[in-house]
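Please open the model in your viewer and keep the sequence panel beside it, so that residues can be selected by number as the tour goes on. Each stop below suggests a selection and then describes what is found there.

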Amino acid sequence: TKGENWERLIYSKARVYSFYPELKKKLKDVIDDFVYQYPENFKKNIIEMRKKIVDNFPAENFKKHMGGIMDIEFIAEYTKTVRKIKGSNYLNLIRKMQKVEKRDFWKELENSYLFLRKLENNIRLLHNSYSSAIPEDKILQKLIALKMNFKTKEELFENYFSVRESVARLWEEFVRE
């Protein structure tokens with residue numbers, strides 16, 4: 001059960017496929033034993049991992065910079081590991097936590113995650129690139145806004161900055177807990 005915390009996060013998403021049920025169960029048990037036996041410094045290490053990643057990406061990157069998708073995913077992975085919750089779908093995990101904790105924190109996290117993922121998907125579809133930044137092209141910005149049911153690109157940006165601020169605030173709340 002020795003390993004780095006980043007490895008725990010990766011293995012927590014693992015899915016085991018096998019035609020042999022006994023082998024599948026054994027592998028799943030080994031993975032679960034590793035993932036859910038986290039050390040005391042687990043949260044501190046996650047916070048440090050996130051900081052290193054944030055420091056290497058521009059603020060425009062809403063996936064890997066502060067207030068982005070990665071913050072939500074780190075919170076979800078940490079919660080999943082600490083509470084020994086099975087599954088790899090972040091949205092399902094966040095919704096499960098809403099039922100357990102009955103806090104606005106999880107609802108706000110869900111809304112932010114859905115918005116950022118929808119934005120990411122629309123950028124990829126309309127810009128035809130694997131990017132997690134709003135393109136500088138004004139026409140593309142307008143198309144993305146319309147595709148996301150905003151009347152103007154200014155309305156899109158207003159929501160975008162609000163969501164990023166919300167996620168950054170939720171991350172800070174997570175860090176303080």
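The tour starts with the whole chain, moves into the core, and ends at single residues in helices and loops.

**The whole chain**

Begin with the entire protein in cartoon view, bearing in mind that this is a predicted model. The protein has eight helices and zero strands, and reading along the sequence gives the pattern α-α-α-α-α-α-α-α. If you orient the view along the principal axes, the C-alpha atoms fill a box of roughly 55 × 40 × 35 Å. Of the 177 residues, 44% count as buried, and among contacts between residues at least 6 apart in sequence, 59% join residues at least 24 apart.

Next, switch on the surface, where the protein exposes about 10,800 Å², with carbon and sulfur atoms supplying 55% of that area. Colouring by charge will pick out 36 positive and 27 negative side chains, and the centres of these two sets lie 4 Å apart.

Before going further, colour the chain by confidence: the average pLDDT is 89, and 99% of the residues score at least 70. Helix α1, residues 5-11, has the lowest confidence, with a mean of 76, while α8 has the highest, at 97. Where pLDDT is low, predicted coordinates should not be read in detail.

**The cores**

Now hide the surface and select I46, L109, F115, L116, L119 and L156, which are the residues with the most contacts inside the largest nonpolar core, a set of 39 residues. The elements that give two or more residues to this core are α3 (42-54), α4 (69-83), α5 (90-101), α6 (104-127), α7 (138-147) and α8 (153-176). Among these, α6 gives the most, with eight residues.

Centre on I46 and show what surrounds it; leaving out residues up to four places away in sequence, I46 touches L9, F74, Y78 and W171. Apart from the largest core lies another core, of five residues, and V16, I31, V35 and Y36 are among them.

**L156 in helix α8**

Select L156, whose place is in helix α8. Is L156 buried or exposed? L156 is buried, because its relative accessible area is 0%. When neighbours within four places in sequence are left aside, L156 is in contact with F115, L119, Q141, I144, A145, M148 and F150. For a sense of distance across the model, add K24 to the selection: L156 and K24 are 132 residues apart in sequence and 46 Å apart in space, C-alpha to C-alpha.

**Two buried charged side chains**

Move to E110, which lies in helix α6. E110 counts as buried because its relative accessible area is 5%, below the cut-off of 20%. Beyond its neighbours within four places in sequence, E110 is in contact with L91, I94, R95 and Q98.

Then select R50 in helix α3, which is likewise buried, with a relative accessible area of 8%. Which residues is R50 in contact with, leaving aside its neighbours within four places in sequence? They are M66, G67, M70, D71, F74 and W171. Two of these names, F74 and W171, were already seen around I46.

**The loops on either side of α7**

Go to the loop between α6 and α7, where P135 is placed. P135 is buried, with a relative accessible area of 6%, and, its neighbours within four places in sequence aside, P135 is in contact with I123, H127, L140, Q141 and I144. Measuring from P135 to L156 in the viewer should give 13 Å, C-alpha to C-alpha, for residues that are 21 apart in sequence.

Stay in the loop between α6 and α7 and select N128, which is exposed, with a relative accessible area of 70%. Most residues other than glycine have a negative phi. N128, however, has a positive phi of about 55° although it is not a glycine.

For the last stop, select N149 in the loop between α7 and α8. Its phi is near 70°, again a positive value in a residue other than glycine. N149 counts as exposed because its relative accessible area is 64%, over the cut-off of 50%.

Definitions and conventions: Residues are numbered from 1 along each chain as its sequence is written. This is a predicted model: local features need pLDDT of at least 70, side-chain atom pairs count only at pLDDT 80 or more; totals for chains, interfaces and linings use all residues. Side-chain values use heavy atoms; hydrogens and water are left out. A nonpolar core is a set of buried Ala, Val, Leu, Ile, Met, Phe, Trp, Tyr and Cys residues joined through side-chain atoms within 4.5 Å. Buried means under 20% relative accessible area, exposed over 50%, partly exposed in between (1.4 Å probe, protein chains only). Helices (H or I, at least four residues) and strands (E, at least two) are DSSP runs, numbered from the N terminus. Contact means heavy atoms within 4.5 Å. Accessible areas come from the Shrake-Rupley method with a 1.4 Å probe; for residues, only the protein chains shown count as cover. Lys and Arg count as positive and Asp and Glu as negative; His and the chain ends are not counted. The place of a charge is taken as NZ of Lys, CZ of Arg, CG of Asp or CD of Glu. pLDDT is the predictor's confidence in each residue, from 0 to 100.
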